[in-house]
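Open your viewer, get your mouse ready, and let's take a walk through this structure together. At each stop you will find something to select and something to look for.

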Amino acid sequence: MNTIALVGNPNSGKTTLFNALTGANQHVGNWPGVTVEKKEGQFEFNKKIYNVVDLPGTYSLGAFSEDEIVARDFILKGNPDVVINVVDATNIERNLYLTTQLLEMGAKVIVALNMIDEAEERDIKFDIKTLSQKLGTPVVPTIASKNKGIEDLVKNAISLMDKDVDYKAHISYGENIDSEMERIKGYLVNKDLEYPANWIAIKLLEGDQYVNQVIANNEDLKSSNEFKKVLQEIQDSVNNYDLEIVDKRYEFINNITKKTVFRPSEIVETKTDKIDKILTHKYLGLPIFALIMLIVFQLTFAIGEDVLGEAAASGIEALGGIIENYLISVNSPDWLISFIADGLIGGVGAVVEFIPLIVVLYMLMGILEDSGYMARAAYVMDNIMRALGLQGKTFISMIVGFGCNVPGVMATRTLDNRKDRMIATLINPFMSCGAKLPIYLVFIAAFFPEHGGLVLFSIYFLGILIALLMGKIFSETLFKGESSYFIMELPPYRKPTLRNVLRNMWDNVSGFLKRAGTTIFAVVTILWILARLPLGVEPYSQGSVLGIIGSFIAPIFKPAGFGNWQAAVGLFAGIAAKEAVVATLGMVYAGVEGGVELVNTIQSVFTPLTAVSFMVMTLLYTPCAATIATIKKETNSSKWALFTAVYTFFIAWVMAVLVFQIGSLLGFS
Amino acid sequence: MSKINLSNLHPGDKGVVRKITAGSYATKRLYEMGFNTGANLMVVKNDRGPIIVSLSGNKIALGRGLAEKVIVENN
């Protein structure tokens, strides 16, 4: 089956094109060995099926990030039959930088000149025929968001697959560098190479770390001492070449665009500029952002929780009832009925009630992202974040973390230097995830039924406070001195495409469902078993294995005011999955999954003060196993995953103890 | 026509990028984003926080520290 690779800058509409081509026939996986997502899909054209791989959006194909390396490795070694390079017509010079690198690779490229409608709005005109001639590649105008030009693009891409391509566009890097390249290529003749010789030569002169490594390890070339000397020479003088090469690429581009792209002499003030005057206003920007976030959360809870959540809850209950009755009617053994009804439906059901919340949250976030506003949010927050040693994009990952810490941690990928990314990852768990909400709601119902909103807001706010505080501390200690800088594109405001928003929402929700189906299912099962061992013990009693574990841990929590084994069991369950806590507390305290009996029991076992300290503990302590696993994957290190698990527990414990002790001293109970 | 740090320009000022004095990684990033030598830019906003610059109508926000290292010829 023929494969098409999609390559392009972020914000060029590449993903929109991918969605338009593949519709529902796509899936997301991972490139082996790295944390970069692999998006693949299929479409049918003229009765043939084609594979499409959506490579990560990048500005360049250097060796600086996993995204870049994955993209270029696929183009060079993954054997795509054709590469569609999506170019933003309103920003053509910069977008063509990537194109020149594709040409250097000798890839079979067709350029999709996308967002041509926006270019028209800005009075930018193109001589597409000459542009295509000078680049040496076909150029097809498209408007991916409106499905225009796509058929043309696909037709041309497919016919390019069978053609033999010989690039006439030749980029000259100046006499000096060109002759160096020939010298290097001389050594590469007839050698066993993984990549085209021309490309290797340029990369070596650019000081590309990855290619340097590959060449240094190349068996064929290792034996030549002369070549080793040449390599060394190059490495010593790379500083003279690398920026020169970049300059020459831009020169190549400018020579082409000055004859084929026509801009009005005065820069037109666009709608985006007008809107930005308000949204990035010196004084208004921040309050507007706060307001938008408030609206997002209110809507999420109003629709997701109150309306749809209730419906989901009743649905689950009804389903549970039907299944239970069925099992009884076919004389199933008691333990099976218990496992299915209490364990599965009760445990996993609690999770399913969440889904409407998650769906709404992701849809709203998706709309903000697709419209281009999120970049402004990062901009507006950057100032405050800087004062804390963090940056604007960190805040975005924190907001995503409010839904669930797993995508929250993954959202740190937008931070392009290690220090910022590590800190954002480590503080993400303090963003109170959606799964903790039911826990707070139980305690609020027990002790603060009149002040629910205020209590909830305080908890979330505390989470943010601690996150920012720890962020500052990490910035000054663990990652002191590492560089941090802020550079970010502010794309034009665009009407969010329904397809993109739904697709994005679905990707996130299905991720959540997968986790629910696997981790939470496993957790619920294990807890169910531990609650009933040793055999014959009363389920969820202190004598069960679960109870024994709880009793063992419990003393730690005495200074925090909830040193009883049941609370310990609840928190223990929460380390596996936060969604399991309420059901577990219910079972150990009251023999039910939740509801009024649990609330009543909580009222008798806790006090308002210990309820608060317990909620603080819940807010701050070790994140769920799925999050820890994600941190391990994203940081490529078990050390940081373990560190997170331990330090969050420590902070949570200290805060919970402080709350209880100080509260007691002040006379609260 | 004088050489000046990008961070010292005012909204509405136009200039041409002449040199970048940042570390090699940051410099490459700037180049890839369109801040190559010879690029025409206009400052959109420079009061609090990152500076917003327009490169042929396309906006990029640049942290102050980084903007200090972009040397521009004012015109």
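Before we start, one term: a residue is exposed if 12 or fewer other C-beta atoms lie within 10 Å of its own, and buried if there are 20 or more. Keep in mind, too, that this is a predicted model.

**Stop 1: two loops with positive phi**

Select N79(A), in the loop between helix 2 (66-77) and strand 5 of chain A. Is N79(A) buried or exposed? It has 9 other C-beta atoms within 10 Å, so it is exposed. Now check its backbone: phi is near 55 degrees, a positive value in a residue other than glycine. Most residues other than glycine have a negative phi.

Go on to D123(A), which you will find in the loop between helix 4 (116-121) and strand 7 (125-126) of chain A. Its phi is near 65 degrees, and here again the value is positive in a residue other than glycine. With 12 other C-beta atoms within 10 Å, D123(A) is exposed.

**Stop 2: a cis peptide bond**

Next, select L533(A) and P534(A) together. What is the form of the peptide bond from L533(A) to P534(A)? This bond is cis, and its omega is near -5 degrees. Most peptide bonds are trans. To place P534(A), look in the loop that lies between helix 22 (498-530) and helix 23 (545-553) of chain A.

**Stop 3: a helix with a buried face**

Select residues 150-162 of chain A, which make up helix 6. These 13 residues reach 19 Å from the first C-alpha to the last, close to the 18 Å expected at 1.5 Å a residue.

Colour L153(A), V154(A) and A157(A), which are buried. Then turn the view until you look down the helix axis. The buried residues of helix 6 of chain A fall within an arc of 95 degrees, so they line one face of the helix. A general rule helps here: an α-helix has 3.6 residues a turn, so residues three or four places apart point the same way.

What does the buried side pack against? The buried residues of helix 6 pack against five strands of chain A that you can select in turn: strand 1 (3-8), strand 3 (37-45), strand 5 (82-88), strand 6 (109-114) and strand 8 (139-141). On the face turned away from the buried side, look for the exposed residues E151(A), S159(A) and D162(A).

**Stop 4: the nonpolar core**

Select I84(A). Leaving aside neighbours within four places in sequence, I84(A) is in contact with I4(A), L6(A), I110(A), A112(A), L153(A) and A157(A). You have already met L153(A) and A157(A) among the buried residues of helix 6.

I84(A) belongs to the largest nonpolar core, a set of 207 residues. L6(A), I84(A) and A580(A) are the residues with the most contacts inside this core. Its largest share, 10 residues, is supplied by helix 15 (residues 355-371) of chain A.

**Stop 5: where sequence neighbours are not the whole story**

Select I575(A), found in helix 24 (residues 565-576) of chain A. I575(A) is partly exposed, with 18 other C-beta atoms within 10 Å. Add Y621(A) to your selection: these two residues are 46 apart along the chain, yet their C-alpha atoms are separated by 8.5 Å. Beyond its neighbours within four places in sequence, I575(A) is in contact with T622(A), C624(A) and A625(A).

**Stop 6: where the chains meet**

Show both chains. How many residues of chain A are in contact with chain B? There are 27, and they touch 31 residues of chain B. Helix 3 (92-105), helix 11 (225-260), helix 16 (373-387) and strand 10 (487-490) each supply at least two residues of chain A's side. That side divides into 13 nonpolar, six polar and eight charged residues.

Zoom in on strand 10 of chain A, which pairs with strand 5 (residues 58-62) of chain B in the antiparallel sense over four bridges. Within this pairing, E489(A) has I60(B) as its bridge partner.

**Stop 7: strands of chain B**

Select strand 2 (residues 14-20) and strand 3 (residues 40-45) of chain B, which run antiparallel and are joined by three bridges. Look for V16(B) opposite N40(B). Strand 2 is also joined to strand 6 (residues 70-74) of chain B by five bridges, again antiparallel, and there V17(B) stands opposite V72(B).

Finish at the hairpin formed by strand 3 and strand 4 of chain B, with five residues between them. V43(B) stands opposite V53(B) here, and G49(B) in the turn has a positive phi of about 85 degrees.

Technical notes:
Residues are numbered from 1 along each chain as its sequence is written. Chains are lettered from A and ligands numbered from 1 in the order in which they are written. This is a predicted model: local features need pLDDT of at least 70, side-chain atom pairs count only at pLDDT 80 or more; totals for chains, interfaces and linings use all residues. A nonpolar core is a set of buried Ala, Val, Leu, Ile, Met, Phe, Trp, Tyr and Cys residues joined through C-beta atoms within 7 Å. Two residues are in contact if their C-beta atoms, placed from the backbone, lie within 7 Å. Ala, Val, Leu, Ile, Met, Phe, Trp, Tyr, Cys and Pro count as nonpolar, Asp, Glu, Lys and Arg as charged, and the others, Gly among them, as polar. Two strands pair if DSSP finds at least two bridges between them. The expected span of a helix is 1.5 Å times one less than its number of residues. The arc is that of the directions from the helix axis to the C-beta atoms.
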